[in-house]
Amino acid sequence: MSAKAMTLLTQKVQHFAVAPGGDPALTQEDVCHALGTIRVEGASNLGRVKYADQSAFASDLEAHVHREICSLSLREGWRVHNPNIIKRLARMAILESINPMSCPRCNGTKHRFVKQLKIECDICKGTGRTKMTDYRYSRCLGVDKRTWRKWKERYKNDILPIIDRLDAVVRGGLNKRLS
């Protein structure tokens with residue numbers, strides 16, 4: 001997808017080749033229409049929430065991801081003592097996908113300037129993003145750190161890939177329809 005088309009995918013300023021401008025032949029309505037033509041369940045909703053900032057679709061997206069996680073947990077025989085944790089994990093995975101967690105020091109640029117010298121950001125180590133700590137994950141889920149550590153591997157290996165697959169469908173669909 002071209003950098004010009006990428007700038008239209010979100011209402012927030014993104015640091016692509018041209019920002020915040022874009023191709024005047026494409027409008028926000030074009031992007032929303034392209035998202036509406038994606039027929040994979042959940043993918044269109046993720047695109048609308050993530051790229052078009054249409055939060056009205058967030059509850060449908062959360063319900064879809066929750067169902068996916070529940071069916072995965074039944075197939076793999078997860079022992080779930082608190083059924084609310086599945087819903088919280090779904091919400092957290094969606095939020096982690098939507099929010100880029102840009103570094104507060106370099107604002108996601110990966111570098112900062114000290115006395116006109118460009119250096120790698122010491123907070124994010126040149127990634128442009130901040131990492132969620134176990135403490136922050138546990139606070140977000142409303143559980144203690146020990147409970148989070150039990151879920152950590154499943155979250156990283158099983159739950160986040162659900163969102164990644166939906167996002168890949170969205171990006172592929174937008175690339176095909178907006179190019």
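Start by selecting L89 and showing its side chain. Leaving out residues up to four places away in sequence, L89 touches I69, L141, W148, W151, Y155 and I159. Add those six as sticks to L89 and keep them on screen. Bear in mind that you are looking at a predicted model.

Now widen the selection to the largest nonpolar core, which has 38 residues. Which of them touch the most other members? V65, I69, L89, W148 and Y155 do. Give those a colour of their own; I69, W148 and Y155 are already up, since they are among the contacts of L89. Nonpolar side chains tend to be buried together in soluble globular proteins.

Next, switch to cartoon and colour the helices that feed this core. Those giving two or more residues are α2 (28-36), α3 (43-50), α4 (58-76), α5 (84-98), α6 (134-141) and α7 (145-178). Which element supplies the largest share? Pick α7: 11 residues of the core come from there.

Stay on α7 and go to D167, which sits in that helix. Is D167 buried or exposed? Its relative accessibility is 8%, so D167 counts as buried. Show Y51 as well, and draw a distance between the two side chains: a polar contact of 2.9 Å joins D167 and Y51. Beyond its neighbours within four places in sequence, D167 is in contact with L46, K50 and Y51.

Keep L46 and K50 displayed and hop over to S97, in helix α5. Not counting residues up to four places away in sequence, S97 touches L46, K50 and I163. That puts L46 and K50 on the contact list of S97 and also on that of D167. Why does S97 count as buried? Because its relative accessibility is 18%, and the cut-off for buried is under 20%.

Finally, zoom out to the whole chain. How many helices and strands are there? You should find seven helices and two strands. Trace them along the sequence and the pattern reads α-α-α-α-α-β-β-α-α, with the two strands following five helices.

Try colouring by accessibility here: 35% of the 179 residues count as buried. Turn on the surface and you have about 11000 Å² exposed, with carbon and sulfur atoms supplying 51% of that area. If you'd like a contact map alongside, take the contacts between residues at least 6 apart in sequence: 52% of them join residues at least 24 apart.

Definitions and conventions. Residues are numbered from 1 along each chain as its sequence is written. This is a predicted model: local features need pLDDT of at least 70, side-chain atom pairs count only at pLDDT 80 or more; totals for chains, interfaces and linings use all residues. Side-chain values use heavy atoms; hydrogens and water are left out. A nonpolar core is a set of buried Ala, Val, Leu, Ile, Met, Phe, Trp, Tyr and Cys residues joined through side-chain atoms within 4.5 Å. Buried means under 20% relative accessible area, exposed over 50%, partly exposed in between (1.4 Å probe, protein chains only). Helices (H or I, at least four residues) and strands (E, at least two) are DSSP runs, numbered from the N terminus. Contact means heavy atoms within 4.5 Å. Accessible areas come from the Shrake-Rupley method with a 1.4 Å probe; for residues, only the protein chains shown count as cover. A polar contact is a pair of N or O atoms within 3.5 Å; within protein, one must be able to donate a hydrogen and the other to accept it, and residues adjacent in sequence count only if both atoms are side-chain atoms.
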